[in-house]
Amino acid sequence: PTSAQVSAVPHSGRFCYTLDNDLLTTEQRQFYEDNGYLVIRKLISDEDIERFRKEFMRICKREVNPPGAMIMKDESLRSQFGQSEKVVNKVQDFQEDEELFRYCTLPEVLKYVECFTGPNIMAMHTMVINKLPDSDKQTFLHPMHQDLHYFPFRPASLIVCAWTAMERADQDNGCLIVQPGTHKTALKPHGYPEWEGKTNKLFHGLLEEDEKTPKVHLVMEKGDTVFFHPLLIHGSGINKTSGFRKSISCHFASSECHYIDVKNTSQEHLEKELEEMFCKRYNATSLELKDIWSFRARLVQGERINL
């Protein structure tokens, strides 16, 4: 239980994307309803963020090697910088790292998550993003995309991402960019963008983007946290500074969500890519997408029901 007790009646008439609770104000619920995201200022303490930063640095230096974690590097920089934060642009699936996984269990995070998912909460997908300074040769843009493209579970309305800035994020260092209201649209086809140079593995983007849709740059200070819907179209710009823009995030879902079969859907090619990657990594002959997600998922509150 948290301080945000969710009522047994899931939604009051006017709200489709939040559950009745005593934490969010009516204005906050309406903002999320209209826009698909909500920023909570200074939610995470400086002390916690520094602990996460230290653990990330230990992973970069290979002082710790969390089982199951996917450490994504820019191969073109490895010969120049070796094992350091100057090479690692993402640590994904840190569910076995006790220190980083604390983020997913923080009461101040879960009390907000519960307003979207209800009391039975699974941590499904975890990431520390370290946006590297950009150069002329490669880009660390993340193309505009919808996170639901990656997820073989539904319903979408019971999934939410918590994304916390580990330092100030603005247009100079590549803050999040969102298209408000796009959470009300359907899941769109995704693929690798036709960019010059090497595209990061699994950085899929929308195949067709409506340039007329308004975009908002989410300028956030250290500790600010944005909660957003998995259908919200979002991405991030390039880092034009010499520093490293770090954030930590987790996608949470109600354990009452269920897995779906993505065959013959726009997600099918992603399923093949992930299955091949995990089979190679774990020397397995065959793996199903559901197995991969069951392996990643962790119960953080309440009961594990379906996921």
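**Exercise 1. Determine which residue of S13 stands opposite Leu176, and describe the sheet around this pair.**

*Solution.* Step 1. The residue of S13 that stands opposite Leu176 is Ser236. Helices (H or I, at least four residues) and strands (E, at least two) are DSSP runs, numbered from the N terminus. The model is a predicted one, in which local features need pLDDT of at least 70 and side-chain atom pairs count only at pLDDT 80 or more, while totals for chains, interfaces and linings use all residues. Residues are numbered from 1 along each chain as its sequence is written, and side-chain values use heavy atoms, with hydrogens and water left out.

Step 2. S8 and strand S13 (residues 234–236) run antiparallel and are joined by three bridges. Two strands pair if DSSP finds at least two bridges between them.

Step 3. An open sheet of four strands has the order S5-S13-S8-S11, with antiparallel pairing. Strand S5 (142–145) and strand S11 (216–217) are its edges, since each pairs on one side only.

**Exercise 2. Identify the residues that touch the most other members of the largest nonpolar core, and state which elements supply this core.**

*Solution.* Step 1. A nonpolar core is a set of buried Ala, Val, Leu, Ile, Met, Phe, Trp, Tyr and Cys residues joined through side-chain atoms within 4.5 Å. Buried means under 20% relative accessible area, exposed over 50%, and partly exposed in between (1.4 Å probe, protein chains only).

Step 2. The largest core has 39 residues, and those touching the most other members are Tyr103, Cys104, Val109, Phe227 and Phe252. Elements that each supply at least two residues include strand S1 (37–40), helix H2 (46–60), helix H5 (107–117) and strand S14 (245–254). H5 gives the largest share, six residues.

Step 3. Contact means heavy atoms within 4.5 Å. Beyond its neighbours within four places in sequence, Tyr103 is in contact with residues including Ile44, Phe52, Trp163 and Ile248. A second, separate core of 25 residues has Met124, Leu158, Leu270 and Leu274 among its members.

**Exercise 3. Explain what the salt bridge between Glu167 and Arg53 ties together, and describe further salt bridges.**

*Solution.* Step 1. A salt bridge is a side-chain nitrogen of Lys or Arg within 4 Å of a carboxyl oxygen of Asp or Glu. The count by this rule is 16.

Step 2. In the bridge between Glu167 and Arg53, the N to O distance is 3.4 Å. Glu167 lies in the loop between S7 and strand S8 (176–178), and Arg53 in helix H2, so the pair ties together parts that are 114 residues apart in sequence. Both Glu167 and Arg53 are buried.

Step 3. Arg58 and Glu63 also form a salt bridge, with the closest N and O atoms 3.9 Å apart. Arg58 is partly exposed at 34% relative accessibility, whereas Glu63 is exposed at 51%. Asp48, Arg51, Glu99 and Arg102 are linked in a network of salt bridges.

**Exercise 4. Establish where the buried residues of helix H7 lie around its axis, and name the elements against which they pack.**

*Solution.* Step 1. Helix H7 (residues 289–296) has Leu289, Ile292, Trp293 and Arg296 buried. These residues cover an arc of only 90 degrees around the axis, so they are on the same side of H7. The arc is that of the directions from the helix axis to the C-beta atoms.

Step 2. The elements against which the buried residues of H7 pack include S3, S4, helix H6 (268–282) and strand S16 (298–301).
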